[in-house]
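User: I would like to learn how to read a sheet, a buried residue and an annotated site in a model. Can you take me through them in turn?

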Amino acid sequence: MVDRTLIIELVRVTEQAAVAAARWRGRGDERAADAAAAAAMRGELNRLPLDGTVVIGEGARDEAPLLFVGEKVGTGQGPAVDIAVDPLEGTTLCAKDMPGSIAVMALAPAGALLRAPDVYMEKIAVGPGYPPGVVDLDRSPEDNIRALASAKGVRPADITVSVLDRPRHAALIAACRRAGASLRLLTDGDIAGIIVTARTGKAAVDLHIGSGGAAEGVLAAGALRCVGGQMQGRLILDSQEKRDRAVAMGIVDLAKVYDMTEMASGDVVVVATGVTDGALLRGVRQGGAVIETDTVIYRGSSGTVRRIRAEHRDFAKFGRD
């Protein structure tokens, strides 16, 4: 079990990453925003009493200067844990000051998170309250929409589907429209797009379908598992180089469909802080010497979701205790 005190300390990790990234909002420099978020996240992680290994990160050691896959974080004195990070999901959104960018990380006991190579993953996800297997990655979009509508007791026209707005999804988008569903096209950020399926209310999304980063899939699976949703993912290994990388990371069945418990098991904790305003979180706000952040914490063992809205003093100006 992850210590409760440590869970609260994780909030500072994503808060500081979000605040660092927010200073680059609207400046058009994606790399600078991502680098600032990653540096802030790493600095906070290394303060924590844990023996952490980054299993989902900014890339391989030769591609990323920090938070690379295999990097050790924490003081080394504490529980052995897997760490998955996306210091700035939605770098383009942040650079253009558009809605939906977040700083997000997951922590779980060592061996609990899928070691996914840096490839795309096919994904399908729904929120809680449906019978097992209500949707399936191997069914057509039309069949999944009809099955979900039946389980919900509504018409397919009452189902809202989120999809990343990419040329590769043209056929998928057309299929969803043929089924009569409403579409929410995401410019970026399918972690938040998947998590939002677990929310209720006017902004709710019923179903997420499409391909996106495998790393983001693991992070989203962790959050969705905490609230009882359903998710499946399959790695897209469409070249020999990608297949070789998957094998090197311990993937045996290259065509396997993973459910969310296989992507994120054990007492997984997922923490996300808003950088820009979005459907999931409010973005960083600064008024004078006070910086406000909005964070959500998901915990697998208890199924709890906590929100923390915090005020911080501008440490860059006034110094940090």
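Analyst: We will go through the sheet, then one residue in it, then the annotated sites. This is a predicted model, where local features need pLDDT of at least 70, side-chain atom pairs count only at pLDDT 80 or more, and totals for chains, interfaces and linings use all residues. Residues are numbered from 1 along each chain as its sequence is written, and side-chain values use heavy atoms, with hydrogens and water left out.

User: In what order do the six strands of the open sheet run?

Analyst: Strands of a sheet pair through backbone hydrogen bonds, either parallel or antiparallel. Strands here are DSSP runs of E with at least two residues, helices are runs of H or I with at least four, and both are numbered from the N terminus. Two strands pair if DSSP finds at least two bridges between them. In this model the order is 7-6-8-5-9-10, with mixed pairing.

User: Which strands stand at the edges?

Analyst: Strand 7 (182-186) and strand 10 (258-259). Each has a single partner strand, so one side of each has no neighbour in the sheet. Strand 7 pairs with strand 6 (residues 160-164) in the parallel sense, over five bridges. One bridge to look for joins Thr160 to Ser182 in strand 7.

User: What does helix 5 touch in the sheet?

Analyst: Contact means heavy atoms within 4.5 Å. Helix 5 (residues 170-178) packs on the sheet and touches strand 6, strand 7 and strand 8. For directions, axes are lines fitted to C-alpha atoms, for helices over the stretch in contact, and angles run from 0 to 180 degrees between N-to-C directions. Helix 5 makes about 155° with strand 7. Helix 7 (residues 214-227) also packs on the sheet, touching strand 5 (120-126), strand 8 and strand 9 (230-235). Its direction makes about 20° with that of strand 5.

User: Now a single residue. Is His208 buried or exposed?

Analyst: Buried means under 20% relative accessible area, exposed means over 50%, and partly exposed is in between (1.4 Å probe, protein chains only). His208 counts as buried because its relative accessibility is 1%. The residue sits in strand 8 (residues 207-213).

User: Which side chain shares a polar contact with His208?

Analyst: A polar contact is a pair of N or O atoms within 3.5 Å; within protein, one must be able to donate a hydrogen and the other to accept it, and residues adjacent in sequence count only if both atoms are side-chain atoms. The side chain of His208 has one with that of Ser162, at 2.7 Å. Beyond four places in sequence, the contacts of His208 include Lys123, Leu186 and Asp190.

User: Where is Asp190?

Analyst: In helix 6. Asp190 is buried, at 4% relative accessible area. UniProt lists Asp190 among its "binding site" positions (unreviewed entry), together with others including Glu89 and Gly189. Such annotations may be inferred rather than shown by experiment.

User: Which other residues does UniProt mark as "binding site"?

Analyst: A further annotation of that name, also from the unreviewed entry, covers Asp34 and Glu58. They are spread over 25 residues of sequence but cluster in space, with a largest C-alpha distance of 9.5 Å. Asp34 is in helix 2 (residues 30-45) and is buried at 19%. Glu58 lies in the loop between strand 1 (51-56) and strand 2 (72-73). At 26%, Glu58 is partly exposed. Asp34 touches Glu58, Leu88 and Thr91, leaving aside residues up to four places away.
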